[in-house]
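Work through the exercises below with the structure in view. Each task is followed by a solution in steps.

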Amino acid sequence: MKLFGVPHKTVFVVDHCPYMAESSRQQVECDVLTKSRAQGVIPLAPVSKSLWTCAVECSMEYCRILYDIYPKDKVVNYIVSDSEFHILNSWKQEDQSTHELMSALAAVGPPNPREDPECCSILHGLVAAVESLCKITELQHERRTAMMDTAERVANRGRIICLTNAKSDTHVRMLEDCIQETILDQNKLAAGSDRLMAIQQCDLVLVHIYPQGEDTLVSDRLKKEISPLLTSEVHSVRAGRHLATKLNILVQQHFDLASTTITNIPMKEEQHANTSANYDVELLHHRDAHLEFFKSGDLHMAGTSTRENGLKETVTLKWCTPRTNSVELHYCTGAYRISPTDVNSRPSSCLTNFLLNGRSVLLEQPRKSGSKVISHMLSSHGGEIFLHVLNSNRSTLEDPPSISEGCGGRVTDYRITDFGEFMRENRLTPVSESSHDPSGKLPAERAKAQLERHTRYWPMIISQTTIFNMQAVVPLANLIVKETLTEEDLLTCQKTVYNLVDMERKNDPLPISTVGSRGKGPKRDEQYRIMWNELETLVKTHAGATDRHQRVLDCIIACRSKPPEEEERKKRGRKREEKEDRTEKNGSKDTDEKSWQDSERLKGLLDKEDQESEVIKDSPDSPEPLNKKPRLSTEEIQPPERAKGPVSLLTMWSNRITTANSRKHQEFVGRVSSVNNKFELYQHLKDENGCVI
């Protein structure tokens with residue numbers, strides 16, 4: 001393994017020729033912040049940046065992100081090319097900062113549009129870039145010194161990013177040929193020098209910049225190998241925001257970075273101090289911060305979104321309210337430096353200042369349902385902000401989960417007993433050298449082959465299998481995994497299949513798992529269809545071993561294809577089951593309807609008695625009736641305990657009212673002294689006169 005890959009060295013070559021002073025034609029409004037304008041004041045005219053300004057801004061943004069995330073082990077060399085090359089910094093660590101580069105660029109100044117274009121060329125800078133790649137960096141020198149015996153393990157590879165305005169595809173090929181020749185020449189010089197290193201790999205990234213509204217003269221091209229030492233790729237990009245987006249994507253590709261967008265960040269509004277709004281901030285960091293998402297397959301669940309026409313992806317994480325206890329420790333599995341994508345925006349500035357003041361922010365995965373999962377944390381250490389990866393699964397510091405608990409506590413119905421039997425059947429034992437197998441295979445090879453046969457189809461969970469939960473299938477399941485079958489084994493397998501057919505004919509129940517399903521589960525026909533499909537899957541994995549294995553599969557297929565009369569019987573059985581289900585449903589409906597009819601009948605009797613009492617009361621010839629409520633006969637009201645079927649709410653309420661009213665008055669004497677519900681009237685007249693009137 002060789003040290004120092006291509007990302008260790010990056011050389012920027014920016015074209016400073018007169019045509020780079022041309023306008024990019026992307027207008028920038030300067031009068032946006034003016035809220036009210038007095039009359040007679042002419043608004044500010046929009047301006048547009050030059051191609052040189054766009055190239056410098058985007059390249060400096062590339063370097064800023066690189067320095068934020070890799071402050072020490074990645075270095076940049078910046079070269080400007082016009083009539084000659086200008087090297088703005090060196091590989092030394094003290095020159096690796098955006099401040100040094102901006103100061104040097106300010107000294108260079110913008111391109112001179114009146115300069116002779118024939119004297120200017122990007123080739124001067126490209127040749128200087130190859131020469132710079134041959135120079136040794138401080139890290140390379142330290143490793144070579146520390147590894148004197150194996151100094152050849154220290155590799156010299158790098159990347160050249162050229163920002164220019166090419167003439168055509170032919171011009172691009174000419175630049176590639178020039179770089180290839182220069183690499184060969186410099187490698188010859190480096191072979192005889194101790195201060196230089198031969199280039200083992202160089203990646204050329206040529207970015208053709210052209211103004212807005214014009215057609216490009218250079219075609220895009222994916223990475224192509226020009227020679228064993230040189231690869232090249234071409235990007236044709238419009239100046240302005242398109243160039244900024246392209247450089248942002250390239251820095252992620254070159255240094256294995258990923259994007260995370262922090263959403264729902266509460267911030268107070270400048271205009272209204274008492275109100276707050278939610279903002280989003282995009283951060284760049286090393287791709288390993290999303291490694292847990294890739295492992296668990298939860299990347300989509302974590303909110304992956306695509307931006308800029310599908311070229312850029314970001315993972316969305318929600319802001320959690322910071323905890324007041326900053327001393328609290330979290331189980332962290334990784335920490336990675338971050339860099340805001342839009343460093344000058346107000347949300348990014350507020351977030352970085354908030355974190356640099358010693359606060360920490362927990363980030364959760366956005367979920368539609370269930371409890372929230374806190375997966376990351378933002379915190380600063382020594383003036384640098386890090387994205388911490390929190391372990392959302394079981395900690396490796398805890399005791400391992402017991403097999404009865406299941407993986408993470410989610411699955412508990414493992415086939416533990418079957419797995420113990422499986423281990424017993426595949427136990428390894430020492431073998432003597434004198435033992436010889438007729439097939440010529442070594443014992444280890446035979447053991448691997450047996451283990452492979454036994455695991456071709458072996459469900460781990462009880463709810464995922466039917467045949468392995470049936471005692472009737474055990475003989476076939478034990479024999480089908482054998483390397484060869486005898487005639488007796490074949491007859492046993494066929495007999496097992498016929499027994500299953502007999503079970504289906506008798507409509508015997510099967511051990512189908514109903515975990516996660518509502519109701520009674522699948523119908524009997526569906527249960528047997530699942531069983532036959534699984535049995536066929538098991539036998540198919542071994543059908544190619546021998547002819548007898550294939551005959552077992554043929555027997556299963558033949559038994560599954562039922563004759564027409566069998567299908568008709570199955571249809572009648574299904575209709576009978578559906579009819580029984582409908583009868584059960586209709587029976588409950590009929591009972592409810594009967595209870596409702598009884599309640600209506602009781603209500604009608606109560607209304608009838610009320611009407612009779614009103615007629616008697618309103619008649620002038622009738623005496624004033626007693627203040628008591630009417631009572632129904634015992635035959636008309638059925639006690640609740642004698643009622644058949646469910647009792648309606650009205651019946652229960654009427655029975656309760658009737659019982660309560662019966663306790664409020666003295667019972668009628670005639671009803672108490674009645675014989676067979678009959679009482680003789682005017683008995684006192686009969687007693688006095690001795691005759692019946």
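**Exercise 1. The sheet**

Task: Find the order of the 7 strands in the open sheet, and state which strands stand at the edges.

Solution. Step 1: In this predicted model, the strands of the open sheet follow the order β5-β4-β1-β6-β7-β9-β8, and their pairing is mixed. Step 2: The edges are taken by β5 (85-87) and β8 (221-227); each has a single partner strand, so one side of each has no neighbour in the sheet. Step 3: On average, and ignoring direction, neighbouring strands of this sheet are turned by 20 degrees against each other.

**Exercise 2. One strand pair and a helix on the sheet**

Task: In which sense do β6 and β7 pair, and over how many bridges? Then state which strands helix α6 touches.

Solution. Step 1: Strands of a sheet can pair in a parallel or an antiparallel way, through backbone hydrogen bonds. Step 2: Strand β6 (residues 157-164) pairs with strand β7 (residues 201-210) in the parallel sense, over 8 bridges. Step 3: Within this pair, Ile161 stands opposite Val205 in β7. Step 4: Helix α6 (residues 241-254) packs on the sheet and touches β1 (9-15), β6, β7 and β9 (230-238). Step 5: The direction of α6 makes about 150 degrees with that of β9.

**Exercise 3. Two packed helices**

Task: Describe how helix α1 and α6 cross, and which residues meet.

Solution. Step 1: A pair of packed helices is described by the distance between the axes and the angle between them. Step 2: The axes of α1 (residues 51-69) and α6 come within 9 Å and cross at roughly 30 degrees. Step 3: Angles under 35 degrees count as roughly parallel, so α1 is roughly parallel to α6. Step 4: The crossing of α1 past α6 is right-handed. Step 5: From α1, the residues Cys54, Ala55, Cys58, Tyr62 and Ile65 meet Leu243, Ala244, Leu247, Asn248, Leu250, Val251 and His254 in α6. Step 6: Sorted by class, this contact has 10 nonpolar and 2 polar residues, with no charged residues.

**Exercise 4. A single residue**

Task: Is Thr170 buried or exposed? How far apart are Thr170 and Val218 in sequence and in space?

Solution. Step 1: Thr170 lies in helix α5 (residues 169-191). Step 2: Its relative accessibility is 52%, and the cut-off for exposed is over 50%, so Thr170 counts as exposed. Step 3: Thr170 and Val218 are 48 residues apart in sequence, and 8.9 Å apart in space from C-alpha to C-alpha.

**Exercise 5. The whole protein**

Task: How many helices and strands does the protein have, and what share of the residues is buried?

Solution. Step 1: The protein has 18 helices and 18 strands. Step 2: Of its 693 residues, 36% are buried.

Note on methods: Residues numbered from 1 in each chain as written. Predicted model: local features only at pLDDT ≥ 70, side-chain atom pairs only at ≥ 80, totals over all residues. Heavy atoms only, no water. Pairing = 2+ DSSP bridges. Helix = DSSP H or I, 4+ residues; strand = E, 2+ residues; numbered from the N terminus. Axes fitted to C-alpha atoms, helices over the stretch in contact; angles between N-to-C directions. Contact = heavy atoms within 4.5 Å. Parallel < 35°, antiparallel > 145°, perpendicular 65-115°, else oblique. Left-handed = near helix turned anticlockwise from the far one by under 90°. Nonpolar A, V, L, I, M, F, W, Y, C, P; charged D, E, K, R; others polar. Buried < 20%, exposed > 50% of the residue type's maximum accessible area, 1.4 Å probe, protein only.
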